[in-house]
Amino acid sequence: MYDKNKIVVGLVIFVAIVTFPFWYNLGKASSAPEPKLSEKAKAAKECVVPKKDMKQEHMQILDLWRDTVVRDANRIYKTGKGKTFNMSLSTGEDSCMGCHENKAEFCDKCHNYASVDPYCWDCHIAPKEKKPEENK
Amino acid sequence: MGNSRRSFLKVAGITALGIGTKPVLDVFASSGGHGAEPKPEVSQNEEALTAKKWGMVIDTRKFHSAEDLDPIIEACHKIHNVPELTEPKHEIMWLWGDEYKHVFTHKEHELINDRIKHLPFLVLCNHCEKPACVRACPTKATFKRDDGIVLMDFHRCIGCRFCMAACPYGSRSFNFRDPRPFIKEENKDFPTRMKGVVEKCNFCAERLAVGKMPACVEASNGAITVGDLDDPESEVRELLRSNYTIRRKPDLGAGPSVYYIV
């Protein structure tokens with residue numbers, strides 16, 4: 001091979017530059033955020049469906065609830081275990097935000113991480129944050 | 001070795017069968033009756049006020065000037081987070097007052113008596129029997145409920161304003177700008193709207209659902225009555241039986257559900 005030294009050095013530099021972002025950020029990956037539950041939510045233990053399903057399907061549930069409430073005027077949700085909820089995002093004690101009182105700690109944490117920007121709060125009024133310094 | 005190809009194939013076959021049946025058995029196990037929770041149910045509030053066909057009767061004899069209407073309009077607008085925009089083209093109104101000649105355009109004449117001429121009439125969405133707005137809406141954001149209330153699903157409104165063009169009563173308003181800064185006091189139990197959405201009176205559907213009368217009825221000291229037009233025993237039917245009432249532009253065939261005692 002002609003110019004063996006130059007080629008090897010060049011290759012090493014090339015590989016180093018190409019892989020730079022990978023080894024530069026090694027070990028710095030931010031961990032997936034864990035939404036912080038309010039005391040009330042912790043005490044209730046389970047939401048309308050088990051936690052795993054809630055994580056995956058809360059958006060579909062909210063969408064379904066919206067249609068059920070607005071179109072069919074059904075506002076009460078009774079789970080299989082017999083617990084009842086007010087099918088509302090932000091109205092009253094047994095609505096979503098009635099229990100998950102802190103939007104910044106509960107909703108925004110994951111939504112910001114996943115870079116999703118739901119437009120709920122363009123219209124719905126979020127509950128007052130109790131710790132203003134935690135707002136972004 | 002004692003293992004023949006024959007015995008190896010036997011064992012392999014039985015193993016494969018065993019692995020193959022497990023998912024099937026799992027499905028049967030999970031779908032079966034024992035220990036399964038009852039399905040979740042949705043329902044109305046027990047105390048919800050219901051009717052076959054909601055209607056309203058407004059006794060205009062109990063109003064004398066615009067000041068009489070103000071507290072009623074304020075009650076409605078406050079509860080529903082209606083912004084106060086002074087620019088006439090941007091104004092948002094669910095409930096407001098207007099003169100006879102504008103409200104009852106087809107009945108107006110210049111020699112009409114003085115009381116009627118200067119009396120302010122409360123106007124709002126008429127919750128028509130055949131609502132033109134519902135037919136015009138391309139996204140089904142506005143729809144007629146089985147109980148006669150013409151409602152809006154603000155989530156679905158794309159702001160095309162076809163409904164505003166279709167409504168013969170001018171009952172709808174469009175949010176040309178973000179309404180939030182113009183709401184004096186937010187009622188956190190009712191959402192606001194956003195820029196680019198049409199809004200109108202919702203017959204206080206959210207109040208009926210929890211057993212409360214519409215806000216205007218509560219604030220009117222008995223001048224406004226709502227009830228079931230399909231129930232001959234209801235209060236509204238009694239008022240319609242015993243008083244002469246008119247509706248706005250009935251000749252258009254929309255079938256408004258708001259009646260005025262004059």
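The legends below describe close-up views of a predicted model, with chain A and chain B shown together where they touch.

**View 1. Overall form of chain B in the predicted model.** Chain B contains 9 helices and 11 strands, and its C-alpha trace spans about 120 × 45 × 35 Å along the principal axes. The radius of gyration of chain B is 29 Å, whereas a compact globule of 262 residues would have a value near 18 Å. Of the 262 residues in chain B, 34% are buried. Among the contacts in chain B with a separation of 6 or more, 66% are accounted for by residues 24 or more positions apart.

**View 2. The side of chain B that touches chain A.** In this view, 24 residues of chain B are in contact with 19 residues of chain A. Strand 1 of chain B (residues 41-43) supplies the largest share of the side of chain B that touches chain A, namely 3 residues. Sorted by class, that side of chain B has 10 nonpolar, 5 polar and 9 charged residues.

**View 3. A sheet of 3 strands drawn from chain A and chain B.** The strands form an open sheet in the order 2(A)-1(A)-1(B), and the pairing is antiparallel. Strand 2 of chain A (84-86) and strand 1 of chain B are the edge strands, each of which pairs on one side only, and the twist from one strand to the next averages 25°. Between the chains, strand 1 of chain A (residues 76-78) pairs with strand 1 of chain B in the antiparallel sense over 3 bridges, and here K78(A) stands opposite E41(B). Within chain A, strand 1 and strand 2 likewise pair in the antiparallel sense, over 3 bridges, with I76(A) standing opposite N86(A) of strand 2.

**View 4. A sheet of 4 strands in chain B, with helix 9 lying across its strands.** The sheet is open, has the order 9-2-11-10 and shows mixed pairing; its edge strands are strand 9 and strand 10 (245-246) of chain B, each pairing on one side only. Strand 2 (residues 54-59) and strand 9 of chain B run antiparallel and are joined by 5 bridges, and G227(B) in strand 9 is the bridge partner of G55(B). Strand 9 of chain B (residues 224-228) is mostly covered, with 5 of its 5 residues buried. Toward the other edge strand, strand 10 and strand 11 (residues 258-261) of chain B pair in the antiparallel sense over 2 bridges, and I246(B) stands opposite Y260(B) in strand 11. Helix 9 of chain B (residues 235-242) lies across strand 2, strand 9, strand 10 and strand 11, and runs at about 115° to strand 9.

**View 5. The largest nonpolar core and the surroundings of L124(B).** In soluble globular proteins, nonpolar side chains tend to be buried together. The largest nonpolar core in this model has 65 residues, and those with the most contacts inside it are I58(B), C76(B), L95(B), L122(B) and L124(B). Helix 2 of chain B contributes the largest share of this core, 5 residues. When neighbours within four places in sequence are left aside, L124(B) is in contact with W94(B), L95(B), S171(B), C201(B) and V258(B).

**View 6. E84(B), a loop residue in chain B.** E84(B) belongs to the loop between helix 2 (66-79) and strand 3 (95-98) of chain B. Because E84(B) has 12 C-beta neighbours inside 10 Å, this residue counts as exposed, the cut-off for that class being 12 or fewer. Residues up to four places away in sequence not being counted, E84(B) touches F182(B) and K184(B). The C-alpha atoms of E84(B) and K184(B) are separated by 7.7 Å, although these residues are 100 residues apart along the chain.

**View 7. A32(A), a loop residue in chain A.** A32(A) lies between helix 1 (4-24) and helix 2 (39-44) of chain A, in the loop that joins them. With 9 other C-beta atoms within 10 Å, A32(A) is exposed. A separation of 9.5 Å lies between the C-alpha atoms of A32(A) and K109(A), which are 77 residues apart along the chain.

Notes
Residues are numbered from 1 along each chain as its sequence is written. Chains are lettered from A and ligands numbered from 1 in the order in which they are written. This is a predicted model: local features need pLDDT of at least 70, side-chain atom pairs count only at pLDDT 80 or more; totals for chains, interfaces and linings use all residues. A residue is buried if 20 or more other C-beta atoms lie within 10 Å of its own, exposed if 12 or fewer, and partly exposed in between; C-beta atoms are placed from the backbone. Two residues are in contact if their C-beta atoms, placed from the backbone, lie within 7 Å. Ala, Val, Leu, Ile, Met, Phe, Trp, Tyr, Cys and Pro count as nonpolar, Asp, Glu, Lys and Arg as charged, and the others, Gly among them, as polar. Two strands pair if DSSP finds at least two bridges between them. The radius of gyration is taken over C-alpha atoms; the globule rule is 2.2 Å times the number of residues to the power 0.38. Axes are lines fitted to C-alpha atoms, for helices over the stretch in contact, and angles run from 0 to 180 degrees between N-to-C directions. A nonpolar core is a set of buried Ala, Val, Leu, Ile, Met, Phe, Trp, Tyr and Cys residues joined through C-beta atoms within 7 Å.
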